Amino acid sequence: MKDLFVIVPNKNISPMLSEMVSTVTSYTNYTVIKDSDHIPNLQNKKIFFACENTDIDCDIAMLHFFSKLYEKGNECLLGSTAAVLVHSNTEHGTKRTSQDIIYLANNLGCCFIGHSVVEATSTLRNFLTWKKILNLPVEEICLKMCSRLRNRLLEYNPIIINNPKILVLYSSPNKTSNTLDLWHMVSNHLSDYSIKTLQIENGDVLDCKGCSYKLCTHYGKQNKCFYGGIMVRDVLPSIEESDAIIWLCPNYNDAIAANLTAVINRLTVLYRKISFYNKSAFSVVVSGNSGSDSISKQLIGALNINKGFRLPPYFSIMDIANDPGEIFNIPKINEITKNFAENIKKEIKA
């Protein structure tokens, strides 16, 4: 079992975050890193990022820490696996801070286990749903979640998968889509792999109805959903059978396309049935001008933090292309797509 490294650069953390850190460092060998100017080697480590949100909904000290990490190059966290603790002195900002930290670390080579975050708002009201299940005070629930996350992080080892199955989901029907062109360049380097591609067309997948927990679980046990259709017939079985899911996401108004958003929302019925911890999420994101990072962070929040998919290092390939075919003119695009394909091969442990 690897030692644990806990990064807490903020000198003014709350009593709640202090308790959360104390919980994850109990019963294990650990090193706490507070000084941004003396950062040890953080490759091939198990890491917790502990963030304290302020009134402006970010941890400035943690962002400064990452600026120092980025000076070390984009492989300074390579081989490491991480999770996040975040506390806010308001009811807001924990999710955004988590997404930002995961995004920054992922681009430095860090992997994140599924359900990689314990977030605590100022009143801890975000644990009220858990209180219905565990029947404990919200403070105890928070610390229990921290303990569980620590154990999963320390015990995590990527599995070896023989003949891995890859599922590609997209919604753009446009034959001149730069996003599809970018994916095709990547897939040219994955010709030996089992790849299934599903197009989610307009009207195919209605958004989640919001069934009760009990009703959703009832449908899940029968491999069904309230709406049925292609989601039950093809999408959910394909996700269940796959080892890696690649989301093709053109940037529509800095948001994931509505059809794919509906798919994510409807995953709950399968989420009630199986764990996604051993399924890896990748993405291909193309923007007409800017904002690809916004899409990638939304995917991090929806798939890794909420639904529990494993987030491999460098999970998203992102670029800018507006006119049809413009993606082919990106400098070194063949090298970029080949490297992304090689990363997929490595991370699904073929």
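In this predicted model, 23 residues line the largest pocket, and H115, W130, M145, Y271 and N306 sit nearest its centre. The space inside the largest pocket comes to about 1100 Å³. Quite a few elements chip in with two or more lining residues: β5 (111-120), α4 (128-134), α5 (138-155), α7 (213-221), α10 (268-271) and α11 (292-306). Sorted by class, the lining of the largest pocket has 11 nonpolar residues, with six polar and six charged ones making up the rest.

Next comes the second largest pocket, with a volume of about 510 Å³. Its lining runs to 14 residues, and N74, N107, Y314, N339 and F340 are the closest to its centre. Here β10 (316-320) and α12 (333-347) each supply at least two lining residues. The top contributor is α12, which gives six residues to the lining of the second largest pocket. By class, that lining splits into six nonpolar, five polar and three charged residues.

As for the protein as a whole, its secondary structure adds up to 12 helices and 10 strands. The radius of gyration is 20 Å, close to the 20 Å that the globule rule gives for 350 residues, so the protein is as compact as a globular protein of that length. Along the principal axes, the C-alpha trace spans about 55 × 50 × 40 Å. Of the 350 residues, 53% are buried. Among contacts with a separation of 6 or more, 84% link residues 24 or more positions apart. On the outside, the protein exposes about 16200 Å², of which carbon and sulfur atoms supply 49%.

Conventions: Residues numbered from 1 in each chain as written. Predicted model: local features only at pLDDT ≥ 70, side-chain atom pairs only at ≥ 80, totals over all residues. Heavy atoms only, no water. 1 Å grid on protein atoms, 1.4 Å probe; cavity = no way out; pocket = protein on both sides within 12 Å on 5 of 7 lines; lining within 4 Å. Points joined across faces, edges and corners; volume = space filled by probe spheres on them. Helix = DSSP H or I, 4+ residues; strand = E, 2+ residues; numbered from the N terminus. Nonpolar A, V, L, I, M, F, W, Y, C, P; charged D, E, K, R; others polar. Rg over C-alpha atoms; globule rule 2.2 N^0.38 Å. Buried < 20%, exposed > 50% of the residue type's maximum accessible area, 1.4 Å probe, protein only. Contact = heavy atoms within 4.5 Å. Areas by Shrake-Rupley, 256 points an atom, 1.4 Å probe, with all protein chains shown as cover.
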